Amino acid sequence: MDELFMRKALDLARQAAAFGEVPVGAIVVRDGDIVGRGYNQPIGGNDPTAHAEIMALRDAGRTLGNYRLPGCDLYVTLEPCAMCSGAIMHARIARVVFGAADLKTGVAGSVIDLFAESRLNHHAQVVGGVLAGECGQLLSSFFAARRNRTEVA
């Protein structure tokens, strides 16, 4: 099931890329049903908080009528940053499944592991590397194309 849901998140990441956003997609799942969807939108929305995870959490909150999302899993194509991880914890997400590691800003084990911080009161289970190759390739292709456009201009 993790690969199936990660493919749905990848579809959303491709939507982000189509709008010129960094291609990251996320979904929230409860009891096998997708209850929240999101993709990166900070550029288009002039909103530094409009990361895929935040958008998916907002959508799930609206769908479920609650800002707490216990029993839900979040699938995201890129390891969450500190901001998103904080929101994930506040929402009480049970499990975070991510694709590609983020060696610069990832806080689910790459730079630090915020989810393992014992002083915090909520700890989501974390599974990393699901379809990591596909998730990473989408990001690499996006940034390579962006560099090529800049070099040509």
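These questions and answers deal with a predicted model and with the reasons for the terms used to describe it.

Q: Why is S85 called buried?
A: The relative accessible area of S85 is 0%. Buried means under 20%, so S85 is buried. The residue sits in helix α4, and it touches P80, V107, L114 and F115, not counting residues up to four places away in sequence.

Q: What makes F19 exposed or buried?
A: F19 has a relative accessible area of 59%. Exposed means over 50%, so F19 is exposed.

Q: What makes Y39 buried or exposed?
A: For Y39 the relative accessible area is 17%. The limit for buried is under 20%, so Y39 is buried.

Q: Why are F19 and Y39 called an aromatic pair, and what kind of pair is it?
A: The ring centres of F19 and Y39 are 6.1 Å apart. Rings pair if their centres lie within 6.5 Å, so F19 and Y39 form an aromatic pair. The angle between the planes is 10°, and planes under 30 degrees apart count as stacked, so this pair is stacked. A search of the whole structure finds 3 aromatic pairs, and this is one of them.

Q: How do you know that the pair of F19 and Y39 links distant parts of the chain?
A: F19 lies in the loop between α1 and β1, Y39 lies in strand β2, and the two are 20 residues apart.

Q: What makes the pair of F142 and F143 stacked or edge-to-face?
A: The centres of F142 and F143 are 5.2 Å apart, with 80° between the planes. The distance is within 6.5 Å and the angle is over 60 degrees, so the pair is edge-to-face.

Q: Which of the terms buried and partly exposed fits F142, and which fits F143?
A: F142 has a relative accessible area of 11%, which is under 20%, so F142 is buried. F143 has 31%. That value falls between 20% and 50%, so F143 counts as partly exposed.

Q: How do you know that β1 and β2 pair, and in which sense?
A: There are 6 bridges between β1 and β2. At least two bridges are needed, so the strands pair, and the sense is antiparallel. One of the bridge partners is R37 in β2, opposite I27. The hairpin of β1 and β2 has 2 residues between the strands, and D31 takes a positive phi near 55° there.

Q: What makes β1 and β3 a pair?
A: β1 and β3 are joined by 5 bridges and run antiparallel. At least two bridges are required, so β1 and β3 pair. A26 has V76 in β3 as its bridge partner.

Q: Why is β1 called largely enclosed?
A: Of the 6 residues of β1, 5 are buried, so the strand is largely enclosed by the rest of the structure.

Q: What makes D73 buried, and how are the side chains of D73 and R95 joined?
A: D73, in strand β3, has 17% relative accessibility. That is under 20%, so D73 counts as buried. The side chains of D73 and R95 are joined by a polar contact of 3.5 Å.

Q: Which residues touch the most other members of the largest nonpolar core?
A: They are M6, V28, L57, L74 and I93, in a core of 40 residues. The largest share, 7 residues, comes from α1. Among the residues that V28 touches are L57, L74 and I93.

Note on methods: Residues are numbered from 1 along each chain as its sequence is written. This is a predicted model: local features need pLDDT of at least 70, side-chain atom pairs count only at pLDDT 80 or more; totals for chains, interfaces and linings use all residues. Side-chain values use heavy atoms; hydrogens and water are left out. A nonpolar core is a set of buried Ala, Val, Leu, Ile, Met, Phe, Trp, Tyr and Cys residues joined through side-chain atoms within 4.5 Å. Buried means under 20% relative accessible area, exposed over 50%, partly exposed in between (1.4 Å probe, protein chains only). Helices (H or I, at least four residues) and strands (E, at least two) are DSSP runs, numbered from the N terminus. Contact means heavy atoms within 4.5 Å. Rings of Phe, Tyr and Trp (its six-membered ring) pair if their centres lie within 6.5 Å; planes under 30 degrees apart count as stacked, over 60 as edge-to-face and the rest as tilted. A polar contact is a pair of N or O atoms within 3.5 Å; within protein, one must be able to donate a hydrogen and the other to accept it, and residues adjacent in sequence count only if both atoms are side-chain atoms.
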